[in-house]
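I opened a fresh notebook page for this one and wanted to see how strands and charged side chains fit together. Here is what I looked up, in order.

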Amino acid sequence: KLDSTEHKIYRLRGGVDVLPDRDNLVRQFDNYTWTQEEEQAQLYVQIEEATKGKHIQVRTTEDVVSIWLHNILLLNETLENKIIPKKTTWEIEQFRGQRCLKVILEKKTPNNQILCTQTQ
């Protein structure tokens, strides 16, 4: 059991809890996974081995994150708390044994939960 005085735990609406990773709650949804820390959230989307950076588009506003793969909208999420779009970054990496697109979202207000509901 995690003691809330020692660890920050952020709950997301929906999804399935997965074991904490680096003291962060990992939340699995149908086609993506979220983790959150005090100042940022990470979004992981599984991608195929053949997918290259040129096939990926990530767009953010203060309250929406959208991801396209091969010019097809894969994910369009409305956030309940604001992020700093200019600080959004992404990379391709392994996550829990799968090749994933990792999108890093910087929170506008640290410690705010970035709760989301699918708008696609």
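**Entry 1: strand β8 and its neighbour.** A reminder to myself that this is a predicted model. I began with strand β8, residues 89–95, and found that β8 runs antiparallel to β9, with seven bridges joining the two. For a register check I picked Ile-92, which stands opposite Leu-101 in β9. I then looked at the turn: the hairpin of β8 and β9 has two residues between the strands, and Arg-96 there takes a positive phi near 50°.

**Entry 2: the other partner of β9.** Next I asked which strand pairs with β9 over seven bridges in the antiparallel sense besides the hairpin partner, and found β4, residues 40–46. Here my register check was Ala-41, whose bridge partner in β9 is Leu-105.

**Entry 3: how covered is β9?** I went through residues 98–106 and noted that eight of the nine residues of β9 are buried. I keep in mind that side chains in a regular strand alternate between the two faces of the sheet.

**Entry 4: a charged residue in β9.** I turned to salt bridges and counted five. One of them joins Arg-99 to Glu-49, with the closest N and O atoms 3.7 Å apart. Arg-99 sits in strand β9, while Glu-49 lies in the loop between β4 and β5, so I noted a link between distant parts of the chain, 50 residues apart. Are these two buried or exposed? Arg-99 has a relative accessible area of 16%, so I logged Arg-99 as buried. Glu-49 comes out at 60%, so Glu-49 went down as exposed.

**Entry 5: Glu-62 and its two lysines.** I looked up Lys-82 and found its side chain in a salt bridge with Glu-62, at 3.6 Å from N to O. That pair also links distant parts of the chain: Lys-82 is in the loop between β7 and β8, Glu-62 in the loop between β5 and β6, and they are 20 residues apart. Glu-62 forms a salt bridge with Lys-108 as well, and the closest N and O atoms there are 2.8 Å apart. Lys-108 lies in the loop between β9 and β10, so this pair ties together parts that are 46 residues apart in sequence. Through shared partners, the salt bridges join Glu-62, Lys-82 and Lys-108 into one network.

**Entry 6: accessibility in the network.** I logged Glu-62 as partly exposed, at 32% relative accessible area. Lys-82 is partly exposed at 42%, and Lys-108 is partly exposed at 46%.

Notes: Residues numbered from 1 in each chain as written. Predicted model: local features only at pLDDT ≥ 70, side-chain atom pairs only at ≥ 80, totals over all residues. Heavy atoms only, no water. Buried < 20%, exposed > 50% of the residue type's maximum accessible area, 1.4 Å probe, protein only. Helix = DSSP H or I, 4+ residues; strand = E, 2+ residues; numbered from the N terminus. Pairing = 2+ DSSP bridges. Salt bridge = Lys/Arg side-chain N within 4 Å of Asp/Glu carboxyl O.
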